[in-house]
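Work through the exercises below with the structure open. Each task is followed by a solution in steps.

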Amino acid sequence: MLACTPRNLPPAQYFIDRHEKRGQIFALPVDLLPGEDVRGAAMQAAARNGFPATSFVIDLSAARSFRRLSCLHEGAAAEDLDRLVGVLGLRTDVEHVKNLLSDERNNSRDWSRLGELKVRRSQIVSHRRVAPRSLKLAERQKRIWALRPFSFDLETGERLLDHCPVCGRQLGWARSYGVSFCDKCHDDTNTLRGAVDLRAFEQEIVEFRDVEAIGLFRSQIEPDATSTSRRLHSDFSAIGRGELFHLAVSVGAALGKRSRLKPLDVEDIEKAGRALLEWPSGFDDLLDQIQAEDPHGRGMHPLHKLQNDPTLSRQTRALLKRRVDFNLRSGAISRLSKQGDQSVANFNSGHFVGRTVLAGMLAKHEVEMGQIALSLLRSSAQCRKLSADLGLPFPWLLDLVAAGLLPELSGMLANIVPSIQNPPIALIDSICKLPSTRPDEHTISVSSALFTMTDISGAQCAAVLRDICTGALPAYVDQTSALPVWQRLRCRIDDVLTSVDKCATAAALGTHALFTKNDVAMALGKNPRIARELIVQNFLPATVTAKDVTVFRRDWMFTTEIVDRIRLEGTAAPGAVRRSLLSSPVVRQTLPSATLWSRAGVTEFLSGSGLVDLKAIRGRTT
């Protein structure tokens, strides 16, 4: 106990409260020392007052959130902890007891507190562990010994003892002869005394090779401890100490390829601490080391999988994902630059692969820049949202990046997508500044015009969108539509004809890029149901590329495309042409959700009817 000198005497109210509760509390109080496990203080109180069975502590405190001392944790119900503090006689005017009773607690079954640190309940062991050398210095049960990831004392490096060296049984909390004694072995001559003094069984000292890295862990658990003073990277400013501790433990467990429910090796702990101290370069070095140790790429290392670990917060997973993507990208660029394949312009492969497969292919020298670019795009939540908001297929985003229209993706695809020498333009911001309008007979959807007059591609979309952003093509946003941005843009018919003519021959990136059904739907301006029907009816192959979509459109037209074509040519009333087509011999195929018309038949029908001069058809290769 603290020496009761005049300077540190408890306030008068402390004695008044104890007097009023006499008979319901221990007669001899104890102190909760800084860094001490509250369970250890309860053991000390029970032994000091002559009650070896610690269940008496629970009975006096009438706790409902814990029925055994082994189940007691600092995240227990506030009223139970408050009564326990009274039973033990702890002084509530000292800072660490105030923290114990603070309102900042978790009502979650997954999380608890250890001092000021928020930790997962699974990381706290239910049995007792001690460091004999530390007990010689101060007879207290350190709360840091309860952390499952560490099999040694972070301060002294001594291995923790979790079983009695004499009887061999696991140390527990059911009986108490003081924290320095085995709770199973009692003195035959005095049942209130323990027979095995654990302080006599000193354990080996673990050698720390990176004291500063070990200090990172200790500083999260005991902020006031003398440990690393290095300022951590600003990336960690948005996550708390508990989350940072959980991240460090997760990295160490991943490096050792073991469960977080098992103690970690000292070497893995030091590597994890160093990676976070020198973030982001330290973590990048770990990823490089893993790649070097697994040159054959037999799948993703547990360290890569942390970016999808549901026990980590969303912010932490985002940090890890950025580093993994950066490592994958930089490794690919380094690898492919040696092969002379410098950018996605050389994209010949049609297959999108996930990052797990991509990492393996990279290690085996079997990957191209196009695969890397598409894998990074499809793996990014930001890019998935951007594709959905714009209404453009993923492969077409590569063309928009190359045109400088998506500067927010330039970092992700740096040195992968060749940049056209144009000033960057924030596409979304520019579109938000466009005036609104309602559809009328003088305007047409930009997507419909481009779809009707060209073999539409990402490069053509990028060219038209750049004209819109720079003001070369006056455009408006349809305020009555809830469709994606690309389908809501409208222009006057005369203006859009000039712009589309100019971009009709633009060369696209990733012509052989693999399209998903959603990509196909967005490229056709239809819903995914129609894309599925086209594949089921064999109008498109099961594995669709951008080139397959182009080939399909050279053979077939949708009814809406015919109507838009007549509107653009301005040679007849679209309604009249549609009625004439229905009664004509032009070949058509009816899908459950759409009607397809033979492009050659429609062209011949319109030309033969004198409605359209075949030579006036713009930008279409038949």
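**Exercise 1. Trace the four-stranded sheet.**

Task: Give the strand order of the open sheet of 4 strands, and find its edges.

Solution. The model is predicted. Step one: read the order, which is 5-7-8-6. The pairing in this open sheet is mixed. Step two: find the strands that pair on one side only. These are strand 5 (436-437) and strand 6 (443-445), the edge strands. Step three: take one pair. Strand 6 and strand 8 (residues 489-492) run antiparallel to each other, with 3 bridges. Step four: fix the register. Thr-443 faces Arg-492 of strand 8.

**Exercise 2. Place one serine.**

Task: Is Ser-447 buried or exposed? Which residues does Ser-447 touch, leaving out those up to four places away in sequence?

Solution. Step one: locate the residue. Ser-447 sits in helix 18, which spans residues 446-453. Step two: compare its area with the cut-off. Buried means under 20% relative accessible area. Ser-447 has 10%, so Ser-447 is buried. Step three: list the contacts. Beyond four places in sequence, Ser-447 touches Trp-486 and Gln-487.

**Exercise 3. Build the three-stranded sheet.**

Task: Describe the open sheet of 3 strands and say which strands stand at its edges.

Solution. Step one: the order is 11-13-12, and the pairing is antiparallel. Step two: strand 11 (556-558) and strand 12 (588-590) each have a single partner strand, so each has one side without a neighbour in the sheet. Step three: the average turn between neighbouring strands here is 30°, direction ignored. Step four: strand 11 pairs with strand 13 (residues 595-598) over 3 bridges, in the antiparallel sense. Trp-556 is opposite Ser-598 in strand 13. Step five: add the helix. Helix 25 (residues 559-569) packs on this sheet and touches strand 11 and strand 13. The directions of helix 25 and strand 11 make an angle of about 80°.

**Exercise 4. Map the nonpolar cores.**

Task: Which residues touch the most other members of the largest nonpolar core, and where does this core lie with respect to domain 1 and domain 2?

Solution. Step one: the largest core has 87 residues. Leu-88, Phe-217, Ile-221, Phe-245, Val-251 and Leu-303 touch the most other members. Step two: find the main contributor. Helix 8 (residues 241-255) gives the most, with 9 residues. Step three: check the domains. Domain 1 (11-108) and domain 2 (211-323) both supply residues, so the core lies between them. Step four: inspect one member. Not counting residues up to four places away in sequence, the contacts of Ile-221 include Leu-114, Ile-144, Phe-150 and Phe-245. Arg-241 is also among the residues that Ile-221 touches. Step five: look for a core apart from this one. Another core has 70 residues, including Leu-398, Leu-427, Leu-568 and Ala-594.

**Exercise 5. Check the cysteines and the whole chain.**

Task: How many disulfides are there? What share of the residues is buried?

Solution. Step one: pairs of cysteine sulfur atoms within 2.5 Å are needed. The count is 0 disulfides. Step two: compare two cysteines. Cys-71 is partly exposed at 31% relative accessible area, whereas Cys-432 is exposed at 63%. Step three: take the chain totals. Of 622 residues, 53% count as buried. The protein chain holds 27 helices and 13 strands. Step four: among contacts with a separation of 6 or more, 65% join residues 24 or more positions apart.

Key: Residues numbered from 1 in each chain as written. Predicted model: local features only at pLDDT ≥ 70, side-chain atom pairs only at ≥ 80, totals over all residues. Heavy atoms only, no water. Pairing = 2+ DSSP bridges. Helix = DSSP H or I, 4+ residues; strand = E, 2+ residues; numbered from the N terminus. Axes fitted to C-alpha atoms, helices over the stretch in contact; angles between N-to-C directions. Contact = heavy atoms within 4.5 Å. Core = buried A, V, L, I, M, F, W, Y, C linked by side-chain atoms within 4.5 Å. Buried < 20%, exposed > 50% of the residue type's maximum accessible area, 1.4 Å probe, protein only. Domains from an automatic or database assignment.
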